[in-house]
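Reader: I should be grateful for a close look at a single part of this structure, namely its internal empty space. Please describe that space and then place it in its surroundings.

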Amino acid sequence: MTVEHAQGSTEVPADPQRVVVLDFGALDTLDALGLDDHVVGVPQSSPVPDFLSDYKGEKYTDVGTLQEPDLEALARLDPDLVIVGFRSAAAYPDLSKSFPTVDITFPYTNFLDSFGESAQILGQIFHKEDEVDAKLAEIDAKAEEVKAQGAAAGTGMVVSTSGGEVTMYGEDSRFGLIFTELGMTDAVQGVANTPHGEVVSFEAVRDANPDWLFVNDRDAAIGQGDAKPAEQVLDNELVAATTAWQQQQVVYLDPQRWYIAQHGLNNVPAMLDEVGQALAR
C-alpha cells in the first residue's frame, strides 16, 4: 500500500511482520494495538520509558539511539518497515534508501487532531483502523473532561529544569496541549517555540505568578541521575512567592511520558489523567 506521512509517501508491504520502531510514542501505539510481536528493533541505547520496559533486553535488537540509529544493526535485521518520528525524523532520508520508512512526526499545534492523524497512519499500515478510531474517541472524551477542569483552574505555566537552568514552554510547544486542549490559561503569552524551551529567570516566574506550575525534569528524563532534581532547583524564595507554590499547585509531570514518549495511544490518556488528577486535588 502507499502511505502518506510527514515526509512524503512510501510503498509499505501489505502486512509488515518485522518492524523497527525509532520513536517511543509510536512504540506505545503499537503496544496499545497488540502489535508487540511485530517489533524486532528498538533504540535501547536511548532511555526506554519504564512503561515500555517490556521492549528492553535481548528479545528486541538494540538499533542505537533515537537521534543516531545504528544502520549496521538495521541492515542485519532487514526489517519490512521502519517507523521514525520527532527525534529520529532526521534519519528518514538515509533509512528510506534501504527500507520502507514512514515518519509519524506531527505538529504540536492542534495536538489531539494531529496526534490522531499520526496514529491513523499506523492503523492503516497494520489494518487496525477501527481500533485506533475507538481509542481516539476515548481520548477525546477524556480531554473534554479535563478541559472543563482546566478552564476553571486559572493560569498555568510550564517549565523544564536541566543542569540547574529553567526554561518555559508555551502554547505551540510539546507541552502546549495543557493550554490548547486542556483549558488552562497561559500565564505568559508569546513564549518562543524552541525545542528545549525559552530560558526564564526565577524573577520572571515570580512575576508571572501562575496559579498552577507544571514542571518537567529533563535531567530525570534523559537519565542524568547526578543532576539536581527539579524540586530542589525550584525551591527558592522567588518561586515560593507564587500562588502555585503557596497553594501547593506545583505538578511534577512524568518526564518519560511528556518529554521522551510525547504521544501514543496508551500514553496520551495517561498524560491527560496526570493533569486531570492534579487539578482535581
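**The largest cavity and its surroundings**

Author: The lining of the largest cavity is formed by L22, D23, F24, L66, G85, F86, R87, S88, I260 and Q262. The model is a predicted one. By class, five of these lining residues are nonpolar, three are polar and two are charged. The cavity has a volume of about 30 Å³, and a search of the whole structure finds one cavity of 30 Å³ or more.

The domain assignment provides the setting: the protein chain is given domain 1 (2-126) and domain 2 (149-280). Taken over C-alpha atoms, the centres of domain 1 and domain 2 are separated by 28 Å. Across the boundary, 25 residues of domain 1 are in contact with 19 residues of domain 2.

The largest pocket may be considered next. The space in this pocket amounts to about 160 Å³. Its lining consists of F24, S45, S46, P47, L66, Q67, R87, H196, R218, I222, Y259 and I260. Among the residues that line the cavity, F24, L66, R87 and I260 also appear in the lining of the pocket. Six residues of the pocket lining are nonpolar, four are polar and two are charged. Because domain 1 (2-126) and domain 2 (149-280) both give residues to this lining, the largest pocket lies between them.

The nonpolar packing completes the picture. The largest nonpolar core has 63 residues, and I83 and F214 are those with the most contacts inside it. Helix α4 (residues 111-125) supplies the largest share of this core, seven residues. Domain 1 (2-126) and domain 2 (149-280) each contribute at least three residues to this core. A second, separate core has 17 residues, including V191, A208, V233 and V239.

I83 offers a link back to the cavity. Leaving aside residues up to four places away in sequence, I83 touches V19, V20, V21, L22, D23, A26, L30, V102, I104, L122 and F126. Among these partners of I83 are L22 and D23, and both L22 and D23 line the largest cavity.

To summarise, the cavity of about 30 Å³ has L22 and D23 in its lining, two residues that I83 touches. F24, L66, R87 and I260 line both the cavity and the largest pocket, and that pocket lies between domain 1 (2-126) and domain 2 (149-280).

Definitions and conventions
Residues are numbered from 1 along each chain as its sequence is written. This is a predicted model: local features need pLDDT of at least 70, side-chain atom pairs count only at pLDDT 80 or more; totals for chains, interfaces and linings use all residues. Side-chain values use heavy atoms; hydrogens and water are left out. On a 1 Å grid over the protein atoms alone, a cavity is a set of points where a 1.4 Å probe fits but cannot get out, and a pocket is an open set with protein on both sides within 12 Å along at least five of seven lines; lining residues have an atom within 4 Å of a point. Grid points are joined across faces, edges and corners, and a volume is the space filled by probe spheres set on the points. Ala, Val, Leu, Ile, Met, Phe, Trp, Tyr, Cys and Pro count as nonpolar, Asp, Glu, Lys and Arg as charged, and the others, Gly among them, as polar. Domain bounds come from an automatic or database domain assignment. A nonpolar core is a set of buried Ala, Val, Leu, Ile, Met, Phe, Trp, Tyr and Cys residues joined through side-chain atoms within 4.5 Å. Buried means under 20% relative accessible area, exposed over 50%, partly exposed in between (1.4 Å probe, protein chains only). Helices (H or I, at least four residues) and strands (E, at least two) are DSSP runs, numbered from the N terminus. Contact means heavy atoms within 4.5 Å.
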